[in-house]
Amino acid sequence: MRRRCLIAGATAVGLVAGAGALALPAANAEEPAVLLSEDFEDGAFGPLVQNGGATLSVVDADGDKALLVKGRTNDYDGVKTPADLLQAGGTYSFSAQVKLAAAGMTTSARFVVEPAYSWVGNTTVTADAWTTVSGTFTAPTGADPATLRAYLGTGDLGAPYDYLVDDVVITGTAGPGDGGAWQPTPDPAFVPGGATNPTATPLAAARGAGNAVALTFDDGPNPGETAAVLDLLKDKGITATFCVIGQNVRADGGAALLRRIVAEGHTVCNHGTSFADMGSWSRAQIEADLTENLRIIRDAAGDPALQVPYFRAPNGSWGATGEVAAALGMQPLGLGNVIADWDGNDLSEATLTANLRGAFTPGAVVLAHDGGGDRTTTVRAVTTVVNEKLAEGWTFTLPRGGAGVATTITSGFETGADGWAARGDGVQVTPGTDARTGTGSLLVTDRTQPWHGAALDVTAGLPVGTAVEVSVWAKLAPGEAPASLKVSVQRDNGAGSAYEGVAGAAATVSADGWTQLRGTYTLGAAADRAQVYVEGPVGTDFLLDDFSLAPIVEKPVQTDLPGLKDVLGADGIEHVGVAIDARETVGTAADLLRQHYNAVTPENAGKPESVQPVEGRFAFTQLDQLLDFADANDVEVYGHVLAWHSQTPAWFFRDGTRDLTDSPADQALLKARMEAHIKGIADHIDARYPDGDSPVWAWDVVNEVIADGDTANPHDMRDSRWFQVLGEGFVDEAFRLADHYFPDAALFINDYNTEMPEKRADYLSLIGALEARAVPIDGVGHQAHVDVARPVEWLEDSIVAVERLNPELLQAITELDVNASTENQGADVSGAPQDPYSPAFEDDADAAAEVGYYYRDLFAMLREHDESVDSVTFWGISNARTWLRTWPMPRPWEQPLPFDDELQATPAYWGIVDPSRLPARPADVLPPRIADRSDEQAVSNGASGAKVKYALPSAIDTLDGAVPLDCDPAPGSRFVIGVTTVTCTATDEAGNTRTGSFDVVVTRKQPGKP
């Protein structure tokens, strides 16, 4: 016996009838009992059993008996406890004396508890003296005693070796017999880690089949090594799990690295606030530490509901940590295959590379360290082996457990509502008898808002980053006129909500039959709750049946394509951006974004109703997700938007229930609200990026301030609530405030239809007035929501007009898409555009080709103006995500962007990058475009009217260029007093004809007036 007093003489305390039998502790024992004590003095090692293939024998050693393990080649070679010794929920202390047999050797030893292979008491051992290996372990509630067994594990030395064991002692208690699982301290504000059905037993296997591993990193974040690992993973397009220490997150650079981990799609694992061994801690102590580290992680990430679905015990010392972690919503993550890259081992690059190669076994969790010391050689080993394994076809995945996997959710409404509920006050959701299949459906009535409808909570079926297909069949109630319905998702985080369309799930529905609404959706960030809902025009009653939500496999992006940012950057266009929400920060969409774009515009997350839905209550979760993604991926952000007439809460323009007027007091109030809003955003971004390295490079300061037709306001400004209270000066005020609070950002005015000749004149008139008043405007935005028949020449004329006004003004194409409809009502989402639209081409392939040729001509023009056109932003990552597919009605034929529904290159892409790869141009079916123009005013001196030489409107064909225009009555004709409509006709070489009209208004000169 070595150095300490044990129970003398007995092979095992509690032995009954004969040798090898063990008396198990009472199920509710409160005092620890000695369950096993083996000193090998009787020449045997029972009730311990042999584990592995080494040779076991009892030998004389230092005046006592000891067990010799000869020819150890594996970690598990040695001895193991018998089945049924350890019980579910029990707490155990393990101890043994270990010594290496050959002089000059050093390695490590520990107890390892199956089936999770939890390390207990890992300790350095040598040949110089006996070393005590000890630690504490709490068995998970619900564990199977038959498989809950502990063995003595040892470190690898590169070749077989021998070691000695003595004085093995296990004491402990069984778990609570009927007290149930431990429960955390009640806290209604606590957000669990996010694991789906976590188990107290640590898991150490990867998801997937075949040559798949789950790569995990412990003890970071560490500014040097973690950054290098992230660079590697980003370059290779793979993800990993990072078990982070709270004190490292709080250290210099730690929070930024944590945000980068999240933004680049990796999974965060809770590794405790420090490196402390929790193996002997009480459940209360463990709970306090784990919840504090969750807080640290989420504060650093800026997301109070960030999923942290795994927990790994520091030093592999579990104790009661697994049970507590599971109760807090985190799956305990076993060590898996380690590479021994911690201090005290051979940390040479060659050794760690060999160890890592060996750790790659199919289905393994592989553990390396990016913190806890100098891990430079670990990074080198990981770089080498990851490249090797990718070349061999290995895949990288998540560990099992933890974050949920998308599950199929269905509703047939055969026995009721299947969990669907009314969305909106007064809405009625009742069983329907008109069914597509079976006998039941869901009837939705009494809708008084477009967003009213029926909703289903699908949080459990939507893990972050997993693409799903959503399908539901719809039919209008009897007597309803055809109407467009669509499927959307509401994503709630804290005080904010995002409303995101299911791409493609929109259609015109009638009462005559069932219509399928089907599309795809990817949850871009953790949500407190996610609901899918069906919405449509006010007052439309409809039925639903046969709903399903199921995961799908996305097609990978084409990595061999030249990046748009590289092609256009070489041509002088510095910022090549795309409008996104959180869905584009994960999965294949994020891969495409990183490949092709160096800038992003928050599609909705920066709009006033998203940022400050209630006065003084800012909600930045949605915006922060995009900013952090951009920051982590070296992508710049074009902010959108500070002041806009649309998607701005009504409270901005009210004092209680009273509408604001243009009184001095109300003007002061609205100006104060404008400043508070802009300052609130700036303060938040400055606090988030204290070093002044915010990714925001530009802002749309004001948006869509010019009306589409004549108004009584200067510059034909829109009669918005901003204008009604503050007049034209609201634009000046917004720019001066933005310049004060965002001094380093480029400040833009932005509008749609700026290529239209008359709106162009109004736009330039306002911009000229702003410059004359020394308003700090840096740039002019052209949204460019155009169609295939809208002449590129008109947009060029607008760009040239700005260049002539002030060549120092930057110009940006801010919201580019090219539709293929016969109608184009611009982009006024607050208006009531004509319905229905119709496709300009009978064949979708012809439409896609023509869009490609339009992009060819558009970018040929933009390249000619590269000195002023600084930025081009596409309004959507793919055709599936374009707003045109659902606004103002379902338009499934639209293909307005460079990438299709599956993120593959379209003719639009090749029109930009290499027009020689465009398909043959389809037959010309597009009539010329005639510019709208205002009515012509004239005054007659007599009763016979007046000759009026009006200017012809512009008429251009996309293939033929300028075409002749025949107007009747012709310019110079005599027009009678009153209103005469002039009808103009343009015909292209293919015979396509378009007509347009305007009025000539002649008034009689009043006697005595000039």
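## Arg 283 and its partner Glu 323

Arg 283 is partly exposed in this predicted model, its relative accessible area being 24%. That value falls between the limits for the two outer classes, because buried requires under 20% and exposed requires over 50%. The salt-bridge partner of Arg 283 is Glu 323, and the closest N and O atoms of the two residues are 2.9 Å apart. Distant parts of the chain are linked by this pair: Arg 283 belongs to helix α4 (residues 283-301) and Glu 323 to helix α5, with their positions 40 residues apart in the numbering.

Glu 323 has a relative accessible area of 8% and is therefore classed as buried. The bridge thus pairs a partly exposed arginine with a buried glutamate.

## A buried pair: Asp 218 and Arg 312

A salt bridge also joins the side chains of Asp 218 and Arg 312, with an N to O distance of 2.7 Å. Asp 218 is located in strand β12 (residues 212-220), whereas Arg 312 is in the loop between β15 (310-311) and α5 (321-327). The two residues are 94 residues apart, and the pair links distant parts of the chain.

Both partners are buried. Asp 218 has a relative accessibility of 2%, and for Arg 312 the relative accessible area is 0%.

## A link between helices α6 and α7

Glu 388 and Arg 357 form a salt bridge through their side chains, at 2.7 Å from N to O. Because Glu 388 lies in helix α7 (residues 376-391) and Arg 357 in helix α6 (residues 349-359), the bridge ties together parts that are 31 residues apart in sequence.

Glu 388 is partly exposed, at a relative accessible area of 25%. Arg 357 is likewise partly exposed, at 38% relative accessibility.

## Salt bridges across the structure

The whole structure contains 49 salt bridges according to the search. Some residues are linked in a network of such contacts: Arg 491, Arg 583 and Arg 881 take part, together with Asp 581, Glu 500, Glu 584 and Glu 603.

## A negative surface patch

On the surface, a patch of negative charge is formed by Asp 710, Glu 758, Asp 932 and Asp 935. Membership of such a patch requires over 30% relative accessible area and no salt bridge, so the residues of this patch stand outside the set of bridged side chains.

Asp 710 is placed in the loop between β36 (696-703) and α13 (721-726). Its relative accessibility is 58%, and Asp 710 therefore counts as exposed.

How values were computed
Residues numbered from 1 in each chain as written. Predicted model: local features only at pLDDT ≥ 70, side-chain atom pairs only at ≥ 80, totals over all residues. Heavy atoms only, no water. Patch = residues over 30% accessible without salt bridge, like charges linked within 9 Å, V, L, I, M, F, W, Y side chains within 5 Å. Areas by Shrake-Rupley, 256 points an atom, 1.4 Å probe, with all protein chains shown as cover. Salt bridge = Lys/Arg side-chain N within 4 Å of Asp/Glu carboxyl O. Lys, Arg positive; Asp, Glu negative; His and termini not counted. Charge placed at Lys NZ, Arg CZ, Asp CG, Glu CD. Helix = DSSP H or I, 4+ residues; strand = E, 2+ residues; numbered from the N terminus. Buried < 20%, exposed > 50% of the residue type's maximum accessible area, 1.4 Å probe, protein only.
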